[in-house]
Amino acid sequence: MISVNDFRTGVTVEIDGDVWQVVDFQHVKPGKGAAFVRAKLKNGRTGAVVERTFNAGEKLPKAHVDRREMQFLYESDGMFNLMDNETFEQIELSAEQMGDARKFLKENMNIAVLFFQGNVIGMDLPMSVELTVVETDPGIRGDTATGGTKPAKLETGHVVRVPLFINVGEVLRIDTRSGDYIERA
C-alpha cells in the first residue's frame, strides 16, 4: 500500500483493477477544511489521462509493474517485433500497443517495456534519439519571415519542424517526450 501523500511522478497504483501512473500531483492545504491531494493519472491500458482528488493519508495498492529491457527487431504489416534481452523470447505488438513510441524506433534499438499482470502497458524510451532526415525542402537563404523553420521527414516517418539550414541526410537529435527537434547530432 502507498499513501497518496507519497505520490511522485511515475509512481504506479492500482485503482479498480487497472494500473494508473502518476503524471502530476499537487498537495493542497486549504485554510479551512482537510488537506487533499489532486493528481493527474494516466491509465496504463488505455492511455487516458484523468484528474482525481484524494483525501490526505488515503492509501492505495501499489501496482507492481515489471520492467524488461527489450530490443526492437523490425516492423512488418503494422506489427512490431521485440526481443527480450535476457531470455531472447520474442513478442509481437500492434501499433496501438506501441503508441507514440513507434515514431522513434530504429532497428536494434533497446527500450524498456512495461508489463502489468502479463500485459504490455507502455514503453520507456530514451530521452532523445538520433534519426536521419530523408526528406525536406531546401532552405532558402534569407527566408526568415516565417520563423525560420520547415518540415522534415525522418527515417521513421515522423515529421518534425527544423531550422532552415537542415538538409537531407543529416542526423538530428529528437526529444522522444515531445517529438521536437533538439539539435544536430
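Helices (H or I, at least four residues) and strands (E, at least two) are DSSP runs, numbered from the N terminus, and two strands pair if DSSP finds at least two bridges between them. The model is predicted, with local features needing pLDDT of at least 70 and side-chain atom pairs counting only at pLDDT 80 or more, while totals for chains, interfaces and linings use all residues. Residues are numbered from 1 along each chain as its sequence is written, and side-chain values use heavy atoms, with hydrogens and water left out.

**Exercise 1. Describe the hairpin of strand 13 and strand 14, and then place it in its sheet.**

Step 1. Between strand 13 and strand 14 the hairpin has 4 residues, and glycine 157 takes a positive phi near 100 degrees there. The two strands run antiparallel and are joined by 5 bridges, with lysine 153 having valine 159 of strand 14 as its bridge partner.

Step 2. Strand 13 (residues 149-154) is also joined to strand 12 (residues 128-136), again antiparallel, by 3 bridges; here threonine 136 has alanine 152 of strand 13 as its bridge partner.

Step 3. The sheet that results is open, has 5 strands in the order 14-13-12-15-16, and is paired in the antiparallel sense. Strand 14 (159-163) and strand 16 (181-184) each have a single partner strand, so they stand at the edges with one side lacking a neighbour in the sheet. From one strand to the next the twist averages 50 degrees, where axes are lines fitted to C-alpha atoms, for helices over the stretch in contact, and angles run from 0 to 180 degrees between N-to-C directions.

Step 4. At the other end of the order, strand 15 (residues 171-175) and strand 16 run antiparallel and are joined by 3 bridges, and arginine 173 has glutamate 183 of strand 16 as its bridge partner.

Step 5. Finally, strand 13 has two faces: Lys150, Ala152 and Leu154 make up the covered one, whereas Thr149, Pro151 and Lys153 make up the uncovered one.

**Exercise 2. Follow the chain through strands 7, 8 and 9, and decide whether strand 8 is enclosed or open to its surroundings.**

Step 1. Strand 7 (residues 66-76) pairs with strand 8 in the antiparallel sense over 6 bridges, among them one in which serine 76 has methionine 79 as its partner. The hairpin has 2 residues between these strands, and aspartate 77 takes a positive phi near 55 degrees.

Step 2. Strand 8 and strand 9 (residues 90-94) run antiparallel too, joined by 5 bridges, and phenylalanine 80 stands opposite leucine 93 in strand 9. In this hairpin, with 5 residues between the strands, phenylalanine 88 takes a positive phi near 65 degrees.

Step 3. Strand 8 (residues 79-84) has 5 of its 6 residues buried, so it is largely enclosed by the rest of the structure; buried means under 20% relative accessible area, exposed over 50%, and partly exposed in between (1.4 Å probe, protein chains only).

**Exercise 3. Classify the aromatic pairs of the structure.**

Step 1. Rings of Phe, Tyr and Trp (its six-membered ring) pair if their centres lie within 6.5 Å, and planes under 30 degrees apart count as stacked, over 60 as edge-to-face and the rest as tilted. The structure holds 2 such pairs.

Step 2. For phenylalanine 7 and phenylalanine 54, the ring centres are 5.8 Å apart and the planes stand at 85 degrees, so the pair is edge-to-face. This pair links distant parts of the chain, 47 residues apart, since phenylalanine 7 lies in the loop between strand 1 (2-3) and strand 2 (12-15) and phenylalanine 54 in strand 5 (residues 49-55). Both phenylalanine 7 and phenylalanine 54 are buried.

Step 3. Phenylalanine 72 and phenylalanine 80 form a tilted pair, at 6.0 Å centre to centre with 40 degrees between the planes, and both of these residues are buried.

**Exercise 4. Identify the strand order of the sheet that contains strand 4 and strand 5, and its edges.**

Step 1. The sheet is open, with 4 strands in the order 2-3-4-5 and antiparallel pairing. Strand 2 and strand 5 are the edge strands, each pairing on one side only.

Step 2. Strand 4 is joined to strand 5 by 7 bridges, and the two run antiparallel; arginine 38 stands opposite threonine 53 in strand 5.
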